[in-house]
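Before reading on, take a moment to look over the sequence and the model, and try to pick out the helices and strands for yourself. The report is meant to be read with both at hand.

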Amino acid sequence: METKTVITALAALAQESRLAIFRHLVQLGPEGCAASKIGETLDIAPSSVSFHMKELFHAGLVSSRQEGRFVIYAANYGAMNEVLGFLTDNCCGGNPCSPVSACYQPSTTTN
């Protein structure tokens, strides 16, 4: 993955609502969700959801598909894994790393 592509993805995630949307889509799995449902779940105005989805889509972090009159968005796991791979490439001085899940402890506080 090129540095410029990673920077675009990270910039898209560097906003509270977009990060929340992306994390929500990751949790939902490949079936994804309609933008209207995302807005309801995360308490984000429909016009804002559309704006944020456009940014995430242009960064390659989400895919979209039409289902009837709804646009369904889903996390692009391939792109997510490429960004993670780029960030952890050459990690730990060539030594095996602990799995991310073993290292990551979710914070109980929010800022």
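The text below goes from the overall fold to one helix, then to a pocket, the sheet and two loop residues.

**Overall fold**

The model is a predicted one, and its secondary structure comes to six helices and three strands. Followed along the sequence, these elements give the pattern α-α-β-α-α-β-β-α-α. Of the 111 residues in the protein, 28% are buried.

**Helix H2**

Helix H2 covers residues 16-28, and its length can be checked by simple reasoning: at 1.5 Å a residue, its 13 residues should span 18 Å, and because its end C-alpha atoms are 18 Å apart, the model agrees with that expectation. The buried residues of this helix are Arg18, Ile21, Phe22, His24 and Leu25. Seen down the axis of H2, these buried residues fall within an arc of 160°, so they line one face of the helix. On the other side of H2, by contrast, Glu16 and Gln27 are exposed.

The two ends of the helix also have features that can be found in the model. At the start of H2, a side-chain oxygen of Gln15 comes to within 2.8 Å of the backbone nitrogen of Ser17, while after the helix comes Gly29, with a positive phi near 90°.

**A pocket lined by helices**

Which helix gives the most to the lining of the second largest pocket? That helix is H2, which contributes five residues. The pocket itself has a volume of about 310 Å³, and its lining includes Phe22, Arg23 and Val26, as well as Leu10, Leu61 and Met80. At least two lining residues come from each of helix H1 (3-13), H2 and helix H5 (77-88).

**The sheet**

The three strands form an open sheet in the order E1-E3-E2, and their pairing is antiparallel. E1 and E2 are the edge strands, since each of them pairs on one side only. In general, strands of a sheet pair through backbone hydrogen bonds, either parallel or antiparallel.

Between strand E2 (residues 62-67) and strand E3 (residues 70-75), which run antiparallel, there are six bridges. Within this pairing, Ser64 has Tyr73 of E3 as its bridge partner, and Gln66 stands opposite Val71, also in E3. The hairpin of E2 and E3 has two residues between the strands, and Gly68 in this hairpin takes a positive phi near 65°.

**Two loop residues**

Glu31 is placed in the loop between H2 and strand E1 (33-34), and with a relative accessible area of 46% it is partly exposed. Although Glu31 and Ile72 are 41 residues apart in sequence, their C-alpha atoms are 8.2 Å apart in space.

Asp43 lies in the loop between helix H3 (35-42) and helix H4 (46-58). Why does Asp43 count as exposed? The relative accessible area of Asp43 is 72%, and because the cut-off for exposed is over 50%, this residue belongs in that class. Asp43 also has a positive phi of about 55°, although it is not a glycine. As a general background to this, most residues other than glycine have a negative phi.

The residues with a positive phi that have been named in this report are gathered in the table.

| Residue | Place | Phi |
|---|---|---|
| Gly29 | after H2 | positive, near 90° |
| Gly68 | hairpin of E2 and E3 | positive, near 65° |
| Asp43 | loop between H3 and H4 | positive, about 55° |

Note on methods: Residues are numbered from 1 along each chain as its sequence is written. This is a predicted model: local features need pLDDT of at least 70, side-chain atom pairs count only at pLDDT 80 or more; totals for chains, interfaces and linings use all residues. Side-chain values use heavy atoms; hydrogens and water are left out. Helices (H or I, at least four residues) and strands (E, at least two) are DSSP runs, numbered from the N terminus. The expected span of a helix is 1.5 Å times one less than its number of residues. Buried means under 20% relative accessible area, exposed over 50%, partly exposed in between (1.4 Å probe, protein chains only). The arc is that of the directions from the helix axis to the C-beta atoms. A polar contact is a pair of N or O atoms within 3.5 Å; within protein, one must be able to donate a hydrogen and the other to accept it, and residues adjacent in sequence count only if both atoms are side-chain atoms. Two strands pair if DSSP finds at least two bridges between them. On a 1 Å grid over the protein atoms alone, a cavity is a set of points where a 1.4 Å probe fits but cannot get out, and a pocket is an open set with protein on both sides within 12 Å along at least five of seven lines; lining residues have an atom within 4 Å of a point. Grid points are joined across faces, edges and corners, and a volume is the space filled by probe spheres set on the points.
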